[in-house]
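I opened this entry to record what I looked up, one chain first and then the contact between chains. My notes follow the order of the look-ups.

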Amino acid sequence: MKNRLKVLRAERDWTQAQLADALEVSRQTINALETGKFDPSLPLAFKAARLFNLAIEDIFQYEADS
Amino acid sequence: MLTLQKDNLNKLMNKTKTDSSAWTTRNKENTIRLALWTAAWLVTTAIAAFGPKVLWDFSTVPTILGVLANVGVGFGMMGASKRHLQGQDELMQKIQLEAMAFAMGMGLVIGLSYELLEDIRIISFEPEISHLVILVCLTYMAAMVAGIRKYR
């Protein structure tokens, strides 16, 4: 799964720690999400979408071969 | 327009900051609670193990009470451990799950083979349960370190 978390975060000048705080996860989780090592659960994806005021598919894109 | 959207985002960030502080505090409380239950369990284990020899000369009633206290506190520790795990974020839960699966598998496979070694007369001493506990703990710790490194 691809995602635009890093870009969206950078656009808002947020640190990984700030985004982690906002999503109630650890900074390590944000890093793992941004580097594509970890895919979020549906509730976490919804939370991110709500935080950025975007649709889930505007942040996360499914890739069949990943 | 863009400023308005940024203001809204900042408001949302401030609100979620308060929520996340509660999340962080709750996690710290869960960790402290687990540490206290673990310490209590260790104390009751020591009492149940050494009390009969050192404190009450194998008297039946205090020995049974010691064991019951040990089991009761052990269940309390399990509950605290479950709550601690449920309070962690989803990546840490995944790392924990993988580490536990690995530790349990290792305990089952190596534990049974180890027990078999005496039956088939490869070793002359009786396998101790403590050896198995140490193996499971070391496997769990190694798997946790590997999991944390994997998702770093």
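I read chain A along its sequence and got the pattern β-α-α-α-α-α-β. That gives five helices and two strands in chain A. I am working from a predicted model.

Next I checked burial. Of the 66 residues in chain A, 45% are buried. I also looked at sequence separation. Among the contacts in chain A with a separation of 6 or more, 54% join residues 24 or more positions apart.

Then the loop between H3 and H4 of chain A. I found A:Gly36 there. Is A:Gly36 buried or exposed? Neither: A:Gly36 is partly exposed, because its relative accessible area is 42%, and the partly exposed class lies between 20% and 50%. I also took a C-alpha distance from this glycine. A:Gly36 and A:Asn3 are 33 residues apart along the chain, yet their C-alpha atoms are separated by 7.6 Å.

Core next. The largest nonpolar core has 28 residues. I asked which of them touch the most other members. They are A:Leu5, A:Leu19, A:Leu23, A:Ile30, A:Phe52, A:Ile59 and A:Phe60. I then sorted the core by element. In chain A, helices H1 (5-11), H2 (16-23), H3 (27-34), H4 (42-52) and H5 (56-59) each supply at least two residues. H3 and H4 of chain B do so as well. I note that this core therefore takes residues from both chains. H4(A) gives the most to the core, with six residues.

Last, the interface. I counted 22 residues from chain A and 19 residues from chain B in the contact. The area buried between chain B and chain A comes to about 1,800 Å². Carbon and sulfur atoms give 57% of that area. Which elements of chain B give two or more residues to the side that touches chain A? I listed helix H1 (2-54), helix H3 (90-119) and helix H4 (129-150). H1(B) gives the most, with nine residues. By class, I have nine nonpolar, three polar and seven charged residues on this side of chain B.

I also went through the polar side of the interface. How many salt bridges does the rule find between chain B and chain A? I got zero, despite the seven charged residues on chain B's side. For polar contacts, I have five residue pairs between chain B and chain A, both residues at pLDDT 80 or more.

Key: Residues are numbered from 1 along each chain as its sequence is written. Chains are lettered from A and ligands numbered from 1 in the order in which they are written. This is a predicted model: local features need pLDDT of at least 70, side-chain atom pairs count only at pLDDT 80 or more; totals for chains, interfaces and linings use all residues. Side-chain values use heavy atoms; hydrogens and water are left out. Contact means heavy atoms within 4.5 Å. Buried area is the accessible area (1.4 Å probe) that two parts lose on being put together, summed over both. A salt bridge is a side-chain nitrogen of Lys or Arg within 4 Å of a carboxyl oxygen of Asp or Glu. A polar contact is a pair of N or O atoms within 3.5 Å; within protein, one must be able to donate a hydrogen and the other to accept it, and residues adjacent in sequence count only if both atoms are side-chain atoms. Helices (H or I, at least four residues) and strands (E, at least two) are DSSP runs, numbered from the N terminus. Ala, Val, Leu, Ile, Met, Phe, Trp, Tyr, Cys and Pro count as nonpolar, Asp, Glu, Lys and Arg as charged, and the others, Gly among them, as polar. A nonpolar core is a set of buried Ala, Val, Leu, Ile, Met, Phe, Trp, Tyr and Cys residues joined through side-chain atoms within 4.5 Å. Buried means under 20% relative accessible area, exposed over 50%, partly exposed in between (1.4 Å probe, protein chains only).
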